[in-house]
Amino acid sequence: MARGVSMAQVAMAWVLHNPVVSAPIVGATKPRHLADAVAALDVKLTDEEVGSLEEHYTPRLPTYF
């Protein structure tokens, strides 16, 4: 992404933008993981950016429940 933010911030911003996800799970094992999660709150993805991120995604039904 050309914004100068980390991939982790983009991923968390996408999760926060996605209405299907009600509670993202942040598995921080290093202080920078928490910093990225907090910084993602300020990353607002455009519709074009979301489309680019989701372009190659194929939804699948949950398995192994």
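Buried, in these exercises, means under 20% relative accessible area, and exposed means over 50%, with partly exposed in between. Keep that in your pocket, and remember that the model you're looking at is predicted.

**Exercise 1. Get your bearings: how many helices and strands are there in the protein, and in what order do the elements run?**

Solution. Start with the count: the protein has 3 helices and 0 strands. Walking from the N terminus, you read the elements off as α-α-α. Next, the overall dimensions: the C-alpha trace spans about 35 × 30 × 15 Å along its principal axes. Of the 65 residues, 18% count as buried. Finally, look at the contacts with a separation of 6 or more: 74% of them come from residues 24 or more positions apart.

**Exercise 2. Classify V10 as buried or exposed, and find out what separates its C-alpha atom from that of V43.**

Solution. First place the residue: V10 sits in helix α1. Its relative accessibility is 9%. The cut-off for buried is under 20%, so V10 counts as buried. Now for the partner: V10 and V43 are 33 residues apart along the chain, yet their C-alpha atoms are separated by 7.3 Å.

**Exercise 3. Work out which residues of α1 are buried, and where they sit around the axis.**

Solution. Go along the helix and pick out the buried ones: Q9, V10, M12 and A13. Then check how they're spread around the axis. They cover an arc of only 170°, so they lie on the same side of α1. What do these buried residues pack against? They meet α2 (31-39) and α3.

**Exercise 4. Describe how α1 and α3 pack, and decide whether they are roughly parallel or roughly perpendicular.**

Solution. Two packed helices are described by the angle between their axes and the distance between the axes. Here α1 covers residues 7-17 and α3 covers residues 47-54. The angle is about 105° and the axes are 11 Å apart. Angles of 65 to 115 degrees count as roughly perpendicular, and therefore α1 and α3 are roughly perpendicular to each other. Which residues make the contact? On the α1 side you'll find V10, W14 and H17, and on the α3 side V50, L53 and E54. Sorted by class, this contact has 4 nonpolar, 1 polar and 1 charged residues.

**Exercise 5. Trace the link between Q9 and D36, and say whether each is buried or exposed.**

Solution. Take Q9 to begin with. This residue lies in helix α1 and is buried, with a relative accessible area of 13%. Leaving out residues up to four places away in sequence, Q9 touches D36, A39, A40 and V43. With D36 there's also a polar contact, side chain to side chain, at 2.9 Å.

Now switch to the other end. D36 is found in helix α2 and is buried as well, at 15% relative accessible area. Setting aside neighbours within four places in sequence, D36 is in contact with S6, A8 and Q9. For S6, the gap is 30 residues in sequence and 7.5 Å in space, C-alpha to C-alpha.

A39, another residue touched by Q9, is also in helix α2. At 24% relative accessibility, A39 counts as partly exposed. Measure of its reach back along the chain: A39 and V5 are 34 residues apart in sequence and 8.9 Å apart in space, C-alpha to C-alpha.

**Exercise 6. Look at the loop between α1 and α2: what does the side chain of N18 reach, and what does P24 touch?**

Solution. Begin with N18, which has its place in that loop. With 16% relative accessibility, N18 counts as buried. Its side chain reaches the backbone nitrogen of V20 at 3.0 Å.

Then move on to P24, located in the loop between α1 and α2 too. P24 is partly exposed, with a relative accessible area of 34%. Residues up to four places away in sequence aside, P24 touches M12, V15 and L16. Of these contacts, take M12: P24 and M12 are 12 residues apart in sequence and 8.0 Å apart in space, C-alpha to C-alpha. M12, you'll recall, is one of the buried residues of α1.

Notes: Residues numbered from 1 in each chain as written. Predicted model: local features only at pLDDT ≥ 70, side-chain atom pairs only at ≥ 80, totals over all residues. Heavy atoms only, no water. Axes fitted to C-alpha atoms, helices over the stretch in contact; angles between N-to-C directions. Helix = DSSP H or I, 4+ residues; strand = E, 2+ residues; numbered from the N terminus. Parallel < 35°, antiparallel > 145°, perpendicular 65-115°, else oblique. Contact = heavy atoms within 4.5 Å. Nonpolar A, V, L, I, M, F, W, Y, C, P; charged D, E, K, R; others polar. Buried < 20%, exposed > 50% of the residue type's maximum accessible area, 1.4 Å probe, protein only. Arc of directions from axis to C-beta. Polar contact = N/O pair within 3.5 Å; in protein donor to acceptor, adjacent residues only side chain to side chain.
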